[in-house]
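Please find below my note on the strand arrangement and on one residue of interest. The points are numbered for ease of reply.

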Amino acid sequence: PDFIEIITWNDWSESSYVGPPTDDGSASDVYWAGVDHGVFRELGKGFIKAFKAGRESVVVDEDGEEGVYMFYRRQPALALGSADPLPLPSDAASLKDEVFVVSMLSAPADITLQSGDAAPVSWTAPAGMQKTSHSWGYGAQLLQARRGDKVIADKKGPEILRQLEKYDGNVVAV
């Protein structure tokens, strides 16, 4: 095919936008909440490059395509908002209270995730693409990737809280 289609509602109310968010006052905090999904576009670059090259897997080059990303929600799956008139989503029980980490690396790197008040988790990610998940802790979310003395990624995401005012299934993508 000549193109790849990213299938999404790309709808504020579905919290699945892939374009850059702009807050012109028309987007409700419930739908947008200041959570940027630009990471999805960054991740897409490796898949698009592989597709155009006729490859079935992502190959990470040293030309700036390396990246380490984390994804999570800002409150537990079963925490109904303190002022939310709606019930939990029907599939909320199937969600995991975890931080998902995706690495796209040209060579192995050491990764450390500090998820709030949970003990830090460290591992060596291999070259290529890898997805891992780890139980979260309440508080700030910190992710760092190093290769020797070189810092490849140093990220801080919004805090995970015990409860928000309204249920928010929007993914944090950092």
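Is Val121 buried, partly exposed or exposed, and what is its relative accessible area?

1. The model under review is predicted. In it, Val121 has a relative accessible area of 29%. Because buried requires a value under 20% and exposed one over 50%, Val121 is classed as partly exposed.

2. Val121 belongs to strand 4. Leaving aside residues up to four places away in sequence, Val121 is in contact with Ile111, Thr112, Leu113 and His134. Between Val121 and Leu143, which lie 22 residues apart along the chain, the C-alpha separation is 9.8 Å.

3. Strand 4 (residues 121-125) pairs with strand 3 (residues 109-115) in the antiparallel sense, through five bridges. Within this pairing, Thr124 of strand 4 is found opposite Asp110. The two strands make a hairpin with five residues between them, and Gly116 in the turn adopts a positive phi of about 55°.

4. An open sheet is built from four strands in the order 5-2-1-8, with antiparallel pairing. Strand 5 (128-135) and strand 8 (172-173) each have a single partner strand, so these edge strands leave one side without a neighbour in the sheet.

5. Helix 1 (residues 38-52) packs on this sheet and touches strand 1, strand 2, strand 5 and strand 8. The direction of helix 1 makes about 130° with that of strand 1.

6. Strand 1 (residues 67-72) and strand 2 (residues 98-105) run antiparallel and are joined by five bridges. Phe71 has Phe100, in strand 2, as its bridge partner.

Notes. Residues numbered from 1 in each chain as written. Predicted model: local features only at pLDDT ≥ 70, side-chain atom pairs only at ≥ 80, totals over all residues. Heavy atoms only, no water. Pairing = 2+ DSSP bridges. Contact = heavy atoms within 4.5 Å. Axes fitted to C-alpha atoms, helices over the stretch in contact; angles between N-to-C directions. Buried < 20%, exposed > 50% of the residue type's maximum accessible area, 1.4 Å probe, protein only.
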